[in-house]
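Here is a short set of exercises to work through with the structure open beside you. Try each task yourself before reading the solution.

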Amino acid sequence: MTRMLTSLSALILSIIFLVSGNAFLMTLLGIRLSVEAVSPDVIGWVLVCYSIGFVVGTLYVHNIIGRVGHIRAFAVFAAMAAVAALMYPMAVSTVFWALLRVLSGFSIAGVLVVIESWFSSRATNANRGSMFAVYQIVFYLSSAGGQLVVNVGNPSDFLPFSLAAILLTLALIPLSLTRMEAPVIEQASRMSVFKLARESFSGVAGALISGVLIGGFYALGPVYATLVGLDVGKTSTFMASAIVAAMLLAWPLGRVCDRFDRRRVMFWVSLMAAAAAAGVAVSGSASLTLLTLLVGLFTGLSATLYPIAVAITNDRMDSNRIVAASATLLLSYGIGSVIGPITMAKLIHVLGPSGLFYGNAGFLILLAVITSYRISHTDDIPVAEQEDFVPAMPEASAVLSELDPRNEEFQESPEVEEMQEERRQAG
């Protein structure tokens, strides 16, 4: 393990700087727009543009990387993200900020494709599970740490945005100095969402609604916290604790998923998360402690819906179709992350801050109804025949699905293997 971490140290440092800077900026923007008294409805439209840019990026950045190479593409994407961070305070315009959010989402998608391709290229059947776990732990802890950086400076000043740009720029240094051989990126295959839904409707619905919940919360959680009277310091702690809860609940719920039918687990997780969301909506803001506990329970349970959806789908896939199915589930999640901020922002505008969690509860109940219907109308997969549960993370590109330890039989295409061999001989 130590040798593996040492060999990946440049990648890990770049991830820490990149993810913490991006998470910090996302929370900072929600707080700043609230301070500027922008309507929650408008805030939702501005912040959802990040998800739009990210989804577009995951579909097209491979072409750019293929033309200019990994290091140059990484430098371009990281520089674009840093420039966007510096430009926000230059003009507080919702249209201008929406365009910057599209640029940021596209850039971050490109950077993640590069980083995850390097991770995937170092994976073997012996270390695949360890690498997958290391990536996710670093990602979640960096994201939580980025929330705490929000305490530095006044959101109305230029300083916090400059700090976000510095973090994003620092991500360039470790990877730019690495001597690791650049991998070959192969465009991930996909099957259509409708085709996958015919084979695993519960999986597609779970991924889509997970995107609605997580996308809506990450975009509008800071807005909710500001509207209920939390200061900047408490807002950053509120967001960080939610992310840590999502990481901590993934593993124990994974053990449950390996012992019971996964659609039934999704049903009960949806109901429990809906109860937590309803609790926040009704009385969560009365006490910071109660709010933190209920929101942590809501985000922790909601974050497990995506890996449960992936597990449900993989149980019904042949091994040679798992990567394609995972890419399609990520697309479904991305679509949900576009729907979430827009819908939740409208509910906040109509119902007040509690509208965010009333909306979340409603989507969770909808998922429970869908899952219950599918359980009663389709056959279960015997527990003994289920694939091992892996706490998959949706905040990634389709490249990461190749690192999933369930994909031990994944093989690169002959063309990719040939290109890699030519690179080794040339080096």
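**Exercise 1. Surroundings of T235**

Leaving aside neighbours within four places in sequence, which residues is T235 in contact with in this predicted model? Say also whether T235 is buried or exposed.

Solution. Start by finding T235 in helix 11, which covers residues 232-257. Next, look for its partners beyond four places in sequence: they are I31, P222, A225, T226 and L230. Finally, check the accessibility: the relative value for T235 is 1%, and the cut-off for buried is under 20%, so T235 counts as buried.

**Exercise 2. How far to trust the model**

Find the average pLDDT of the protein and the stretches where pLDDT is under 50.

Solution. Begin with the whole protein: pLDDT averages 81, and 80% of the residues score at least 70. Then go to residues 410-417, where pLDDT stays under 50 and the model has ten contacts beyond four places in sequence. Over residues 423-427 the pLDDT is also below 50, with four contacts beyond near neighbours in sequence. How should such parts be read? Where pLDDT is low, predicted coordinates should not be read in detail.

**Exercise 3. The overall fold**

Describe the secondary structure, the burial and the contacts of the protein as a whole.

Solution. First, count the elements: there are 16 helices and zero strands. Second, turn to burial: of the 427 residues, 57% are buried. Third, take the contacts between residues at least 6 apart in sequence; 85% of these join residues at least 24 apart. Last, consider the surface: the protein exposes about 16,900 Å², and carbon and sulfur atoms supply 64% of that area.

**Exercise 4. The nonpolar core**

How many residues does the largest nonpolar core have, and which have the most contacts inside it?

Solution. The core has 119 residues. Those with the most contacts inside it are F74, I115, F119, F217, L220, F238 and F357. Helix 10, residues 201-227, gives the largest share of this core, with 14 residues. Now zoom in on I115: leaving out neighbours within four places in sequence, its contacts are L11, S14, I15, L18, F74, Y135 and L175. As a general background, nonpolar side chains in soluble globular proteins tend to be buried together.

**Exercise 5. Two salt bridges**

Locate the salt bridges and compare the burial of the partners.

Solution. The count comes to two. One joins the side chains of E36 and R32, at 3.0 Å from N to O. Here E36 is partly exposed at 35% relative accessible area, whereas R32 is buried at 5%. The other joins the side chains of D41 and K346, at 2.8 Å from N to O. This pair links distant parts of the chain, 305 residues apart: D41 sits in helix 3 and K346 in helix 14, residues 322-351. D41 counts as buried at 14% relative accessibility, while K346 is partly exposed at 41%.

**Exercise 6. A positive phi**

Where does A37 lie, and what is its phi?

Solution. Find the loop between helix 2 (9-35) and helix 3; A37 is placed there. Its phi is near 60 degrees, a positive value in a residue other than glycine. For background, most residues other than glycine have a negative phi. A37 has a relative accessible area of 66%, and over 50% means exposed, so A37 is exposed.

**Exercise 7. Buried helix positions**

For H62 and A281, name the helix that holds each residue and list what each residue meets.

Solution. H62 is found in helix 3, residues 40-68. With a relative accessible area of 11%, H62 is buried, and its side chain reaches the backbone oxygen of T58 at 3.5 Å. A281 belongs to helix 12, residues 262-283. A281 is buried too, at 12% relative accessible area. Not counting residues up to four places away in sequence, A281 touches S354, F357 and Y358. To finish, take the C-alpha atoms of A281 and L356: these residues are 75 apart along the chain, and the atoms are separated by 7.7 Å.

Terms used:
Residues numbered from 1 in each chain as written. Heavy atoms only, no water. Core = buried A, V, L, I, M, F, W, Y, C linked by side-chain atoms within 4.5 Å. Buried < 20%, exposed > 50% of the residue type's maximum accessible area, 1.4 Å probe, protein only. Helix = DSSP H or I, 4+ residues; strand = E, 2+ residues; numbered from the N terminus. Contact = heavy atoms within 4.5 Å. pLDDT = per-residue confidence, 0-100. Areas by Shrake-Rupley, 256 points an atom, 1.4 Å probe, with all protein chains shown as cover. Polar contact = N/O pair within 3.5 Å; in protein donor to acceptor, adjacent residues only side chain to side chain. Salt bridge = Lys/Arg side-chain N within 4 Å of Asp/Glu carboxyl O.
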